[in-house]
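Student: I am new to this structure. Please show me how to read it, one feature at a time.

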Amino acid sequence: NVGNFTFSDTTFTNVSTAISHGSGQGTGFDLSGVDITNSADSCIVLPDDSTLTWIEGSATDCNTLAYAGQGAVDTGDGSTVWIENVDFTDAAVNGIIGSADSLTLSNVTVDASGGFSWQQTGTGVAQTGTATSGTDAYFYNVDINNYLAALTTHATDSLHMEEVDSTGDSNGYTVTPAGASSPTVGDTGWTMDTVSADGGLTMARTQPANMDNIDLGGSLQLSGTAPSSDMVRGSTVTAEGITINGCGWNVNMDDVTIGSGGSNGAWISANCASSASSNVVTISDGTMAGSSSNNNFAYARNSVLTDAEMTVTGQTAMGSNLASAGTNGDIRLIDVNFRGNDCLDSSNSADTSVCWVEAASSSAKIYFGGTGTVSVYRSGNSGNAMQPGHNVAASVHDSSGAELFTVGTSKTDASGA
């Protein structure tokens, strides 16, 4: 470190690289109102373990020679990067990439929609270090356009994704602490709200507390062993399919839209290899739209999977089913309509002639059920006072009255019902 650098209201034009300090490990860079245009290589190349704070500015036409592994900003390894109110336009191949320990983007646009599509083969935002601790990522109001992959982060200690949007991507988002092949367990209880992409979202060994307003053109995948027994709650979730491929996940999503009716099909799959740590997955109040090539709409192995108040459209491929339960699979179809037919007939019995299912193992179970209305009130001298915002649990009992299991919970509305 030969000293830190400060640039204010500075413009770089027609350069190889605007800012680079390859031997200056640990150097600090403070940029304010800096604009960079037409850089043959990456506009900024940071030394390892450096610090970059960039508030207000722009970078246009970075990496005009379209080198692989370059883009708008190369963060180097072990760096701390804070970028706020900066627009990146038509950086070739990649946007912001590197192995930063800490990466914060706030009110940032990484837009390559005006560049050549064949050049945008990289990632809009990438934090790809392999450190097993000490890394974090914070993304707020980040717009990414026209990169093959939208965003990848390997952050371990802290995560936040809010108002993050990508268009023109195929691969969407990848959130894997310390990398896809690492066993590292990441952050839990973090915020994921208002996230969209043309591609999908893959997340392993880390879990947010909530996944609200998620809009994906691809699939949503949660994999590996869940890092916590806490429930992941989601509301207003759209994806081609939802895959839980691991054990110990507790997921509850409502207002879901699964599948677009195209050749990809539609599915909800909860697949755990061990009976020691089953998944508990619930989707409710939504739709599934498949196609004639659809595999099983619902699948469970060593998992409890509940589909409640779901309308399912589309045909299945020959031999596939509305629901298939494998080893220790427990599927509950509650108020489900398949291809215009209710899965309960007029006598409230399972109608497997219109809702075909498969118990593929002797330990598999598939239940059919309906819904009802429960009112919660407090009784007093002046009458009954309805109670909104109260949780109500429903359970299944056998003929002797013994409780077998809890189906789920719901919260009373403003009228107490």
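Student: Of the contacts in the protein with a separation of 6 or more, what share comes from residues 24 or more positions apart?

Tutor: Keep in mind that this is a predicted model. Residues 24 or more positions apart supply 54% of those contacts.

Student: How many helices and how many strands does the secondary structure hold?

Tutor: Count the elements. The protein has zero helices and 36 strands.

Student: What box do the C-alpha atoms fill?

Tutor: Take the box along the principal axes. It comes to roughly 80 × 60 × 35 Å.

Student: Of the 417 residues, what percentage count as buried?

Tutor: The label depends on relative accessible area, and buried means under 20%. Here 48% of the 417 residues count as buried. Now turn to the surface. The protein exposes about 17,300 Å², and carbon and sulfur atoms supply 44% of that area.

Student: Let us try one residue. Where is alanine 289, and why does it count as buried or exposed?

Tutor: Place the residue, then check its accessibility. Alanine 289 sits in strand E24, which covers residues 279-289. Alanine 289 counts as buried because its relative accessibility is 18%, and the cut-off for buried is under 20%.

Student: Which residues is alanine 289 in contact with, leaving aside neighbours within four places in sequence?

Tutor: The partners are Ile258, Gly259, Ser260, Gly261, Gly265, Ala266 and Thr313. Look at alanine 266 in particular. It lies 23 residues from alanine 289 along the chain, yet their C-alpha atoms are separated by 6.0 Å.

Student: Strand E24 also holds aspartate 285. Is aspartate 285 buried or partly exposed?

Tutor: Aspartate 285 has 45% relative accessibility, so it counts as partly exposed.

Student: Which residues gather with Asp285 in a patch of negative charge on the surface?

Tutor: Look for like charges. Asp254, Asp255, Glu309, Asp335 and Asp342 join Asp285 in this patch.

Student: How far apart are the mean positions of the positive and negative charges in the protein?

Tutor: Compare the two averages. The protein has 8 positive and 43 negative charges, and their mean positions are 20 Å apart.

Student: Now a loop. Where does threonine 176 lie, and what is it in contact with?

Tutor: Find the strands on either side. Threonine 176 lies in the loop between strand E15 (173-175) and strand E16 (188-197). At 4% relative accessibility, threonine 176 counts as buried. Beyond its neighbours within four places in sequence, threonine 176 is in contact with Thr153, His154, Ala204 and Arg205.

Key
Residues numbered from 1 in each chain as written. Predicted model: local features only at pLDDT ≥ 70, side-chain atom pairs only at ≥ 80, totals over all residues. Heavy atoms only, no water. Helix = DSSP H or I, 4+ residues; strand = E, 2+ residues; numbered from the N terminus. Buried < 20%, exposed > 50% of the residue type's maximum accessible area, 1.4 Å probe, protein only. Contact = heavy atoms within 4.5 Å. Patch = residues over 30% accessible without salt bridge, like charges linked within 9 Å, V, L, I, M, F, W, Y side chains within 5 Å. Areas by Shrake-Rupley, 256 points an atom, 1.4 Å probe, with all protein chains shown as cover. Salt bridge = Lys/Arg side-chain N within 4 Å of Asp/Glu carboxyl O. Lys, Arg positive; Asp, Glu negative; His and termini not counted. Charge placed at Lys NZ, Arg CZ, Asp CG, Glu CD.
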